[in-house]
Amino acid sequence: MKFFIDDLPIIFPYDRIYPEQYSYMCDLKRTLDATGHCVLEMPSGTGKTVSLLSLIVSYQQFYPTKRKLIYCSRTVPEIEKALSELKRLMAYRISQAETPEQRVKEEAYTGLGLTSRKNLCLHPEVSKEKKGKVVDARCRDLTSSQAVEKGRNDPGNYPLCAWHEGLNDMEEGALIPAGIHTLADLSNMGRERTTCPYFTIRRMMPFVDVIIYSFHYLLDPKVAEQVSKEFSKDSIVVFDEAHNIDNVCIESLSIDLTRPMLEAAARSVTRLGEKIDEIKATDATRLQDEYEKLVEGLQEMENDRAEDAVMANPVLPDDLLTEAVPGNIRKAEHFIAFLKRLVEYLKTRMRVLHVVAETPLSFLQHLKDITYIERRPLRFCAERLQSLIRTLELTKIDEYSALQKVANFATLVSTYEKGFLLILEPFEGENTTVPNPIFHFTCLDPSLAIKPVFERFSSVVITSGTISPLDMYPKMLQFTPVVQETYPMTLTRNCFLPLVITRGSDQVAVSSRFEVRNDPSVVRNFGSILIEYCKIVPDGVVAFFPSYLYMESIVAAWHDMGILSEVWKNKLIFVETPDANETSVALENYRKACDNGRGAVLLSVARGKVSEGIDFDHNYGRAVIMFGIPYQYTESRILKARLEYLRDAYRIRESEFLGFDAMRNAAQCVGRVLRGKTDWGLMIFADKRFARADKRSKLPRWINQYITESASNLSTDMALVQSKLFMRTISQSHDTEQTGVSLWTKEDVEAHQAKLRAMGPADVEMNEDKDGEEDEYDDGIPDDILANVDLDDV
């Protein structure tokens with residue numbers, strides 16, 4: 001299908017398009033034209049990825065200034081999904097090319113995905129390692145410039161990676177044929193040609209039109225500095241599934257130190273000292289050369305950093321690069337003494353038996369008073385350690401990871417004054433008596449990590465299916481969007497039914513509030529909701545709880561009450577655990593049970609693995625039950641500090657942020673049930689607080705528009721009546737023609753454009769406002785039909 005948005009020809013790989021996809025593309029184009037940033041919320045399962053890619057690829061191919069697309073997604077399966085979607089789109093574009101020149105241009109379009117060495121490594125020994133850090137270190141031992149030089153001079157004694165070496169014979173920029181290559185394609189190509197998929201992608205990044213990778217490659221300064229440095233300023237950046245982007249930003253600048261980590265760091269310092277003494281005796285010029293380089297400043301060393309950077313710097317402002325390294329840490333032995341003092345100081349801090357919270361400035365002052373360590377050498381700590389590790393030509397770098405963490409901590413604590421807090425917690429839990437101290441260096445301001453992205457790239461798109469309320473993101477991330485939009489879902493019939501259950505059949509209110517969450521009547525009512533829905537809903541049911549702890553206590557209580565044995569009569573029970581492998585096995589068996597007709601219920605946790613990246617389409621999820629509101633643990637000191645910071649810096653009230661965070665996670669959980677307009681399912685909100693307008697208003701517009709007044713305050717039995725009625729209706733064959741309403745052909749798109757051209761700008765705005773009002777409580781099951789339902793029949 002080909003149509004125009006203004007002068008831009010869009011090639012869309014399907015015969016029909018959803019109205020919300022068309023609106024989404026129009027807003028995207030406005031953003032790119034204005035070279036600004038935008039926040040867009042598109043309903044789950046309405047083809048967000050394909051709309052995004054169709055518009056941006058058309059934009060890249062049509063305009064002569066070809067802007068690179070940097071597409072960031074959350075998980076490896078999502079990266080693979082986006083790559084295969086792009087592959088399908090490009091195959092369609094090539095088939096639709098009208099002239100030979102156009103065909104050549106489409107065929108030359110190249111796209112790649114990037115993931116960690118662990119996921120791509122083909123080396124038979126290295127790929128056996130389980131931990132990503134170990135794979136990285138073993139890989140560097142075989143591929144760093146020093147290792148390669150030694151291996152070529154003395155092939156027998158220094159092993160090299162045959163896959164990495166295989167790339168050297170190939171021409172730079174032509175390591176792979178043009179086209180879209182998924183991660184699996186590159187691994188297969190690597191096996192055939194004996195070339196390394198990871199380094200193929202890294203070396204091809206400057207030459208491709210689109211790169212798809214994880215958020216961390218752009219937001220985490222330690223990684224971005226190595227991977228994303230080359231990208232031009234006019235690149236288009238897309239953060240997909242970005243509802244948790246603020247948490248990713250905070251994680252990338254936060255560091256936790258523990259006592260075992262400091263012990264390991266102390267051992268690493270001793271090892272480094274021994275290595276320096278060895279080299280002094282055998283090859284003193286090497287240390288002297290390094291000393292002279294450091295006198296000149298870090299700029300010279302920049303050139304060595306490309307592929308074999310040993311450890312990245314967590315923050316590397318340009319002014320650091322032009323400065324010379326302070327004199328007191330230039331000499332290797334002086335730097336080792338400096339690190340020893342720092343590690344010993346941190347170890348003594350860990351001996352405190354009460355909670356300490358302090359700002360970076362007060363920490364630095366205390367450090368200076370006790371150890372005479374100044375702020376300036378601390379800023380160079382990570383960079384100086386990297387230089388030393390490279391000079392000493394160390395192998396098995398993963399053994400130095402604790403020391404690298406301490407060096408990163410030193411650099412961060414001395415670089416940032418505002419937006420950070422140091423919290424020392426001597427005990428793990430409230431009631432534990434054995435000290436197990438953790439030193440949290442916690443980032444409180446998500447805008448710090450994403451600020452360089454907004455400043456550097458001209459267009460940044462933040463998009464997700466559950467990103468309400470929209471105005472929270474520009475506030476937290478400190479940017480001004482040119483477009484900020486949420487789209488309703490156009491349906492010819494309701495394919496999902498959201499219901500709010502506020503009380504059980506015995507009229508006792510249900511809630512996961514702390515005061516009543518373990519009340520036997522609440523636990524029993526939650527159990528009866530699960531039993532009844534397992535009886536009436538076919539195939540898969542997914543239930544979400546606010547936390548692992550609460551899920552454990554409720555499941556134990558249900559077992560004692562005999563509720564689980566009732567559920568077992570209708571469905572098998574699977575449980576998500578914090579262990580990723582156990583959860584994968586549970587998911588696999590859950591799907592098997594749904595496929596073979598036995599039916600299953602999956603008990604999982606909001607913010608867990610299942611709530612984020614797993615789709616329960618069609619028979620895998622016919623109902624999602626959200627037991628309670630998934631608030632964060634409000635006694636957490638780190639959360640309290642962050643709330644205080646948001647209140648003081650950005651005037652975001654504590655209750656406003658906690659409510660926003662809980663509702664976006666609840667929406668993320670229930671959104672799993674719907675993966676397209678042909679799918680259907682029930683969304684059950686089981687907590688009386690969901691009935692309040694202030695809570696419901698924070699849900700995405702596409703869910704909120706279908707919560708009717710009659711469905712927002714139900715008891716269990718009333719909800720079951722509505723659910724049965726809905727399922728009976730949805731199982732009938734659908735007569736209404738969707739074309740022109742929830743599916744547009746090319747003619748419908750053109751008719752819509754003609755209508756907009758005929759109306760003035762003011763009319764368009766009025767029309768949009770009117771649509772918004774109509775959507776508010778659209779459809780649902782009308783109250784008059786409900787009044788006439790014979791309850792005995794149902």
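## A tour of the sheet and the cavity

Start by selecting residues 37-41 and residues 459-464: these are strand 3 and strand 12, which run parallel to each other and are paired over 4 bridges. Keep in mind as you look around that this is a predicted model.

**Zoom in on the pairing.** Pick Leu40 and look across to strand 12, where Thr463 is its bridge partner. Then pick Glu41; its bridge partner in strand 12 is Ser464. In general, the strands of a sheet are held in pairs by backbone hydrogen bonds, in a parallel or an antiparallel arrangement.

**Swing over to the other neighbour.** Now add residues 236-239, which make up strand 7. Strand 7 also pairs with strand 12 in the parallel sense, over 4 bridges. For one contact to display, choose Ile236, whose bridge partner in strand 12 is Ser459.

**Stay on strand 12 for a moment.** Is this strand covered on one face or on both? Colour Ser459, Val461 and Thr463 for one side, then Val460, Ile462 and Ser464 for the other: all of them are buried, and both faces are covered. Put as a count, 6 of the 6 residues of strand 12 are buried, where buried means under 20% relative accessible area.

**Step back to the whole sheet.** Show all the strands and trace the order 5-6-4-7-12-3-13: this is an open sheet of 7 strands with parallel pairing. Where are its edges? Select 111-113 for strand 5 and 481-486 for strand 13; each of these edge strands pairs on one side only. If you draw strand axes, neighbouring strands of this sheet are turned by 15° against each other on average, direction ignored.

**Next stop: the cavity.** Empty space is revealed by rolling a probe the size of a water molecule over the atoms. How many cavities of 30 Å³ or more does a search of the whole structure find? The search turns up 1, and the largest cavity holds about 140 Å³ of space.

To centre your view there, select Cys121, His123, Cys139, Cys161 and Cys196, which lie nearest the centre of the largest cavity among its 16 lining residues. Then show these helices, each of which supplies at least two residues of the lining:

- helix 6, at 132-143
- helix 8, at 162-165
- helix 10, at 197-204

Helix 6 gives the largest share of the lining, with 4 residues. Finally, colour the lining by residue class: you should see 12 nonpolar, 3 polar and 1 charged.

Methods
Residues numbered from 1 in each chain as written. Predicted model: local features only at pLDDT ≥ 70, side-chain atom pairs only at ≥ 80, totals over all residues. Heavy atoms only, no water. Pairing = 2+ DSSP bridges. Axes fitted to C-alpha atoms, helices over the stretch in contact; angles between N-to-C directions. Buried < 20%, exposed > 50% of the residue type's maximum accessible area, 1.4 Å probe, protein only. 1 Å grid on protein atoms, 1.4 Å probe; cavity = no way out; pocket = protein on both sides within 12 Å on 5 of 7 lines; lining within 4 Å. Points joined across faces, edges and corners; volume = space filled by probe spheres on them. Nonpolar A, V, L, I, M, F, W, Y, C, P; charged D, E, K, R; others polar.
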